[in-house]
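Good morning, everyone, and thank you for making time for this. I would like to walk you through one model, slowly, for those who have not seen it before.

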Amino acid sequence: MFSVRADETSKQSCRHTEKVGPKNNNSSCTLPMKYFIETYGCQMNKYDSELVAGILEGAGYCPSLRPEDADVILVNTCSVRQHAEQRVLQRLNSFKALKLERPDLKIGVLGCMAQRLGEKILVEKPFIDFVIGPDSYRNILQVLNGVHSEQRESSPKIFLNEYESKETYADVCPVRVRGVNAWVAVMRGCNNYCTYCIVPYVRGRERSRSAQNVIEEIRRLVDEGFVEVTLLGQNVNSYWDGEHDFADLLAMVAKVEGIERVRFATSHPKDLSEKLVRVIAENEKICNHIHLPVQSGSTRILQLMNRHYSREDFLAKVEMIRKYLNPVGLTTDIIVGFPGEEEDDFRQTVELVREVEFDSAFVFKYSPRPGTRAAQFDDVVSAAEKTRRLEEINTLQKEITKSKNRQLIGQRGVILVEGRSKKSETDVMGRLETNKIVVIPNTILPKGKLVEVTIVGADGVTLFGRVNHQN
Ligand code: SAH
Ligand code: SF4
Ligand code: F3S
């Protein structure tokens, strides 16, 4: 969960005046309307909140640090699992008291739940003023003007969730939290229809921004002080702007002067090409980290999931990656308890985890999403069994992560300093290109600096290092 912080937002320099984007400098902001955004879900949603902040600040709104001080509260939501939705619904209830205290306060629900549940949210939670899905953020100012209008009686609660199949927000300047890494969505939507997944229904069809437009945004990011970018898409490998594929785009981004590191997420194993892996290998600035969600180690279950690859195909991709990239950070997502997953299928997933030795894995219990194909499948796995399977993989992966981290002791690597370590005032932390976090004793190294370190220890998932003295 992220909030756009008033004190940390980057002062934007959208030089193209015709563009939608913030014009006010936060510190000298005198306009009365304040907004607060809280974000749930994936990095794409975080980026979308930055876009919405850009649209609002472009119209003179100011960010607020706390919901209590805001005139407009926005909750950008996620539908990927039932638990994610429940968290948001509970959080929304906590804003009800604020609305009772201040009837002028406007509360809006954005994102994937807005798209999925639409008007239902307004019916079930009458204190919500408007609901806007991911393709309709351009309308937020009109919506706010509507709900703020004098004729409130005649401007009922608003709900917008049309799919705009071409919307990429290419001309909107996001307001970002100042830092080292900036997210940049290069494509939106998903055409894959994995049978368990709600994303294609809430995010619509795939569409890509032009490479030129992405490069312009990245140049602006360099001017704003960012040194690392993460290119985002539900399946970046299907990026296509009519001329360039994702490998072309990555190579172009890596050439932008001032960018030190380029990352990306997420890759669908069926589309991960040798060309892309070669581009990563050839460009020092493109980080050797691939998030490659396997979901299951059983070909039978992968077919039921509509993933379009077998266990063997996945293992072949891993081999290809490791042929070109060394070292490489390889991370994954796994779903346990998919309908029909027998003990034998699960054992195949366990064996695959053992064989591949991922650097880390996000393991999820299957959660049926209404409207998806898998939600109609029989052979439901019990909640207790899902928990057991989740725990087994998590325990195994933890051991693998620890052992792989211990093997790094004594090795050298370069970290990009991100700031103070969370646990200690006298340490800073940064990431290796493989995305592993390294903590080093130091208080003066500035954010955004690349430093060569030697790994001297590993405790659980955290690595400890010391700075190598450069001659
Ligand atoms: N586009 C990405 C992932 C998007 S969702 C991809 O294709 O890999 C992030 C992760 O949530 C997925 O990789 C999957 O592991 C998990 N997930 C999606 N739907 C789910 C569901 N219904 N139940 C449990 N986990 C789910
Ligand atoms: Fe969902 Fe599959 Fe698309 Fe990923 S590729 S967003 S898991 S449908
Ligand atoms: Fe969630 Fe929507 Fe992202 S469902 S994972 S916020 S695309």
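I will begin with the ligands, go on to a pocket, and end with some details of the backbone and of the aromatic rings.

Please keep in mind throughout that what you see is a predicted model.

Let us start with ligand 1, and with the question of which residues come nearest to ligand 1. There are 15 residues around this ligand, and the ones that come nearest are Q234, P293, Q295, D333 and S367. Two of these also make contacts through the backbone: a backbone N or O atom of Q234 lies 2.7 Å from a nitrogen atom of ligand 1, and a backbone N or O atom of S367 lies 2.8 Å from a nitrogen atom of the ligand. As for how much of ligand 1 is covered, the protein takes up 89% of the 540 Å² of accessible area that this ligand has on its own. If you look for the elements that give two or more residues to the shell, you will find β14, residues 329-336, and β15, residues 360-365. A side chain takes part as well, since a polar side-chain atom of R81 lies 3.1 Å from an oxygen atom of ligand 1. Sorted by class, the shell around ligand 1 holds 6 nonpolar, 4 polar and 5 charged residues.

Now to ligand 2, which is surrounded by a set of residues including C190, C194 and C197, together with Y193, Y196, H268 and R307. Its shell divides into 7 nonpolar, 3 polar and 1 charged residues. Around ligand 3 we find, among others, C42, C78 and C112, along with N45 and R203, and by class this shell has 4 nonpolar, 4 polar and 1 charged residues. I would ask you to notice Q234 in particular, because this residue is found around ligand 2, around ligand 3 and, as we saw, around ligand 1.Let me turn next to the second largest pocket, which has a volume of about 640 Å³. Its lining is made up of 24 residues, and those that lie nearest its centre are P327, G413, L432, E433 and T434. Which element gives the most to this lining? That is β16, with 3 residues, while α13 (383-407), β16 (412-420) and β19 (450-459) each supply at least two. By class, the lining divides into 9 nonpolar, 5 polar and 10 charged residues.

P327 also deserves a second look for its backbone, as the peptide bond from N326 to P327 is cis, with omega near 0°. P327 sits in the loop between α11, residues 311-324, and β14. Another cis peptide bond runs from A265 to T266, again with omega near 0°, and T266 is placed in the loop between β12 (261-265) and α9 (274-282).

Finally, the aromatic rings, where a search of the whole structure finds 9 aromatic pairs. One of them joins Y137 and Y169, whose ring centres are 6.0 Å apart and whose planes meet at 25°, so the pair is stacked. Y137 lies in the loop between β6 (130-132) and α5 (140-148), whereas Y169 lies in the loop between β7 (158-160) and β8 (181-185), and the pair therefore ties together parts that are 32 residues apart in sequence. Y169 has a further feature in its backbone, namely a positive phi of about 55°, although Y169 is not a glycine.

Notes. Residues are numbered from 1 along each chain as its sequence is written. Chains are lettered from A and ligands numbered from 1 in the order in which they are written. This is a predicted model: local features need pLDDT of at least 70, side-chain atom pairs count only at pLDDT 80 or more; totals for chains, interfaces and linings use all residues. Side-chain values use heavy atoms; hydrogens and water are left out. A residue is near a molecule or strand if one of its heavy atoms lies within 4 Å of it. A polar contact is a pair of N or O atoms within 3.5 Å; within protein, one must be able to donate a hydrogen and the other to accept it, and residues adjacent in sequence count only if both atoms are side-chain atoms. Accessible areas come from the Shrake-Rupley method with a 1.4 Å probe; for residues, only the protein chains shown count as cover. Helices (H or I, at least four residues) and strands (E, at least two) are DSSP runs, numbered from the N terminus. Ala, Val, Leu, Ile, Met, Phe, Trp, Tyr, Cys and Pro count as nonpolar, Asp, Glu, Lys and Arg as charged, and the others, Gly among them, as polar. On a 1 Å grid over the protein atoms alone, a cavity is a set of points where a 1.4 Å probe fits but cannot get out, and a pocket is an open set with protein on both sides within 12 Å along at least five of seven lines; lining residues have an atom within 4 Å of a point. Grid points are joined across faces, edges and corners, and a volume is the space filled by probe spheres set on the points. Rings of Phe, Tyr and Trp (its six-membered ring) pair if their centres lie within 6.5 Å; planes under 30 degrees apart count as stacked, over 60 as edge-to-face and the rest as tilted.
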